[in-house]
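Here's a quick tour for anyone about to poke at this model on screen. Have a look at the sequence and the fold, then read on.

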Amino acid sequence: MNTVTFKSVLDQVATKMGLDPAVNVLPSMAAAFATYLQTQIKNAWRSYDWPEIVLTEQRQYRPDYAAGTTYAAGAEVLGSDQVYYRSVQAANIGHALTNTAWWIPATDLDRYISLRQTGKTVIGEPLKAFRSNPATAKGACGIPFTRTVNGVQFATWCPPVIWLKFRLPAPRFSSVYYVAGATYKAGDVRFWRDTGDCYQAASAGALGEPETDAAWVIQPVPEFLEDYAVHAAYADALREDGQIDKANVEEARANGMLDDEKDQLQIQQGQTRRYKVRLGGYRR
């Protein structure tokens, strides 16, 4: 996915408001602009199945069995026979899944897929689920699911491995600078001046610089949403400033830009029926 920096978009909004981004954008203004951008990009994010942010990946309810891993009592794994097993003892390491003293089939497995699975792309919004890869299997059969506190919930009759179509999480933004040595909570978002991007903390603690510390996850601004985001956020800023008529004009212009992007996919590129499939994780 081609991206632009958060700072470049923020500066464009400030410039449209008649401000010099390097001189007279107060912290309160920057915070407001960041909020406008986050809201508008989230709206656009969910308005369409953009190929850049909608993926289809193969997923399973529990990780594969690994002989070198020590399992606790109750731990559940997927065997090479496509059957899920449950550990019946603690300190379970190196025992074959056929050893009934250590493993039993998990016939009552709670079939859910966590939104965050180790080594997999984070799921923002599940859209569809299939029995087979819809990119290669003509007429791939869909299967139902529900959203629960566990993630994406499936019925007990669903296959052991499924293909899930989902939208990436919408980016989050903040004008608050990263401070070295500060303690952060998982989910905190900070701006890193060296790259001009925002980053979200994936874990808690005194995290290192966002550009190099893997505990920070970049919050990308898709290039194809740049023009829309600038004009839509500018419209919000105008409305907050009481310039309602001008805000309405800018909002209409922004929506037209978004429609143009959709038309380009539907008419010129014909990508609306294609699926982007990845077996690995996502990180810019």
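## The pocket

One thing before we start: this is a predicted model. Let's begin with the lining of the largest pocket, where strand 13 makes the largest contribution, three residues. Strand 13 covers 216–219, and strand 12, at 197–201, also supplies at least two residues of that lining.

As for the space itself, the largest pocket comes out at about 570 Å³. It is lined by 24 residues, and those closest to the centre are R116, V122, P169, Q200 and V217. Sorted by class, the lining has 14 nonpolar residues, with five polar and five charged ones making up the rest.

## Cysteines

How many disulfides does a search of the whole structure find? The count is zero. For context, a disulfide is a covalent bond joining the sulfur atoms of two cysteines.

Take C141: the nearest cysteine sulfur belongs to C158 and sits 9.9 Å away. A disulfide needs the two sulfurs within 2.5 Å, so C141 is in no disulfide. Is C141 buried or exposed, or something in between? With a relative accessibility of 44%, C141 is classed as partly exposed. C198, on the other hand, is buried, at a relative accessible area of 0%.

## Helix 3

Helix 3 runs over residues 226–240, which makes 15 residues. How does its length check out against the expected span? At 1.5 Å a residue you'd expect 21 Å, and the end C-alpha atoms are indeed 21 Å apart, so the two agree.

This helix is mostly covered, with 12 of its 15 residues buried. The buried set includes the aromatic-ring pair Y228 and Y234, and charged-class residues E226 and D236 are on the list too. Also among the buried ones are H231, V230 and L238, along with several alanines such as A229, A232 and A235. After helix 3 comes G242, and its phi is positive, near 90°.

## An exposed loop glycine

Where does G68 sit? You'll find G68 in the loop between strand 2 (54–60) and strand 3 (76–78). G68 counts as exposed because its relative accessible area is 68%, and the cut-off for that class is over 50%.

If you want a long-range distance to try on screen, pick G68 and I267. They are 199 residues apart in sequence, and their C-alpha atoms are 52 Å apart in space.

How values were computed:
Residues numbered from 1 in each chain as written. Predicted model: local features only at pLDDT ≥ 70, side-chain atom pairs only at ≥ 80, totals over all residues. Heavy atoms only, no water. 1 Å grid on protein atoms, 1.4 Å probe; cavity = no way out; pocket = protein on both sides within 12 Å on 5 of 7 lines; lining within 4 Å. Points joined across faces, edges and corners; volume = space filled by probe spheres on them. Helix = DSSP H or I, 4+ residues; strand = E, 2+ residues; numbered from the N terminus. Buried < 20%, exposed > 50% of the residue type's maximum accessible area, 1.4 Å probe, protein only. Expected span 1.5 Å × (residues − 1).
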